[in-house]
Amino acid sequence: MARASVHSAALIAASLACAASANELVPYKIVGDGIPASLTGSPGDAARGRTLVLARTTTCILCHSGPFPETRFQGDLAPDLTGAGNRWTASQLRLRLVDASRFNTQTIMPSYFRNDGFVRVGRNFAGKPILSTAEIEDIVAFLATLRD
């Protein structure tokens, strides 16, 4: 019984460590106009990425439209995501999500993987990125599938 408690405590500690690291920045290298290496070290999951893209709480569908006929009230402030996988490489998509201001300093697109240089940040987002490394990789994996 004591052994099971130790095992459970170890699992809880590992889960908490993972949750804490989800909101931490990891180093990345920009090459040309993109970030070629995955932020997590592995490819994202396109199905989870699709769910994130369509989530109205924090991401893409608020400003972008795309090939999502089941989704009403898509954004019209930013480019249509249809064909995003033809227009940009995974490397370019990753950098656009990480820090869109590298392409346009006046952009209204959030830099989803920064934690500094912002003005009037909500309490829930202060000092941490909007998206985790896994969420960015999942979105990149999905957007790369959007081809004409």
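Mentor: Two residues are in contact when heavy atoms of theirs lie within 4.5 Å. Keep that cut-off in hand. This model is predicted.

Trainee: Which residues does serine 91 touch, leaving out those up to four places away in sequence?

Mentor: Serine 91 touches Gly34, Ile35 and Pro36. Its own place is in helix H4, residues 90–98.

Trainee: Is serine 91 buried or exposed?

Mentor: Check the relative accessible area against the cut-off: buried means under 20%. Serine 91 has 16%, so it is buried.

Trainee: Now the whole fold. How many helices and strands does the protein have?

Mentor: There are 5 helices and 0 strands. Read from the N terminus, the elements run α-α-α-α-α.

Trainee: What share of the contacts with a separation of 6 or more joins residues 24 or more positions apart?

Mentor: That share is 52%. For burial, look at the protein as a whole: buried residues make up 30% of its 148 residues. The accessible surface comes to about 9,200 Å². Carbon and sulfur atoms account for 58% of that surface.

Trainee: Why is helix H5 described as largely enclosed by the rest of the structure?

Mentor: Start with the general idea. An α-helix has 3.6 residues a turn, so residues three or four places apart point the same way. Then count burial in this helix. H5 spans residues 133–143, and 8 of its 11 residues are buried, so the rest of the structure largely encloses it.

Trainee: Which residues of H5 are buried?

Mentor: They are Thr133, Ile136, Glu137, Asp138, Ile139, Val140, Phe142 and Leu143. Take isoleucine 139, which lies in this helix. Its relative accessibility is 0%, so it counts as buried.

Trainee: What is isoleucine 139 in contact with, beyond its neighbours within four places in sequence?

Mentor: Isoleucine 139 contacts Gly49, Leu52, Val53, Thr59, Cys60, Leu97 and Leu131. Consider leucine 52. It is 87 residues from isoleucine 139 in sequence, yet the C-alpha to C-alpha distance is 6.8 Å.

Trainee: Cys60 appears in that list. How many disulfides does the structure hold?

Mentor: A disulfide is a covalent bond between the sulfur atoms of two cysteines. To assign one, the sulfurs must be within 2.5 Å. The structure holds 0 disulfides.

Trainee: Why is cysteine 60 not bonded to cysteine 63?

Mentor: The closest cysteine sulfur to that of cysteine 60 is in cysteine 63, and it is 9.0 Å away, so it is too far for a bond. Cysteine 63 is in no disulfide either.

Trainee: Are these two cysteines buried or exposed?

Mentor: Cysteine 60 is buried, at 9% relative accessibility. Cysteine 63 is partly exposed, at 25%.

Trainee: Last topic: pockets. What is the volume of the largest pocket?

Mentor: The idea first. Rolling a probe the size of a water molecule over the atoms shows where empty space is left. Here the largest pocket has a volume of about 580 Å³. Of its 25 lining residues, His64, Ala78, Pro79, Ala100 and Met109 are the closest to its centre. H4 gives the largest share of the lining, 3 residues. By type, the lining divides into 18 nonpolar, 6 polar and 1 charged.

Trainee: And which residues are the closest to the centre of the second largest pocket?

Mentor: The second largest pocket has a volume of about 320 Å³. Of the 19 residues lining it, Pro110, Ser111, Phe118, Val121 and Ile130 are the closest to its centre. Its lining divides into 8 nonpolar, 8 polar and 3 charged residues.

Technical notes:
Residues numbered from 1 in each chain as written. Predicted model: local features only at pLDDT ≥ 70, side-chain atom pairs only at ≥ 80, totals over all residues. Heavy atoms only, no water. Helix = DSSP H or I, 4+ residues; strand = E, 2+ residues; numbered from the N terminus. Buried < 20%, exposed > 50% of the residue type's maximum accessible area, 1.4 Å probe, protein only. 1 Å grid on protein atoms, 1.4 Å probe; cavity = no way out; pocket = protein on both sides within 12 Å on 5 of 7 lines; lining within 4 Å. Points joined across faces, edges and corners; volume = space filled by probe spheres on them. Nonpolar A, V, L, I, M, F, W, Y, C, P; charged D, E, K, R; others polar. Areas by Shrake-Rupley, 256 points an atom, 1.4 Å probe, with all protein chains shown as cover.
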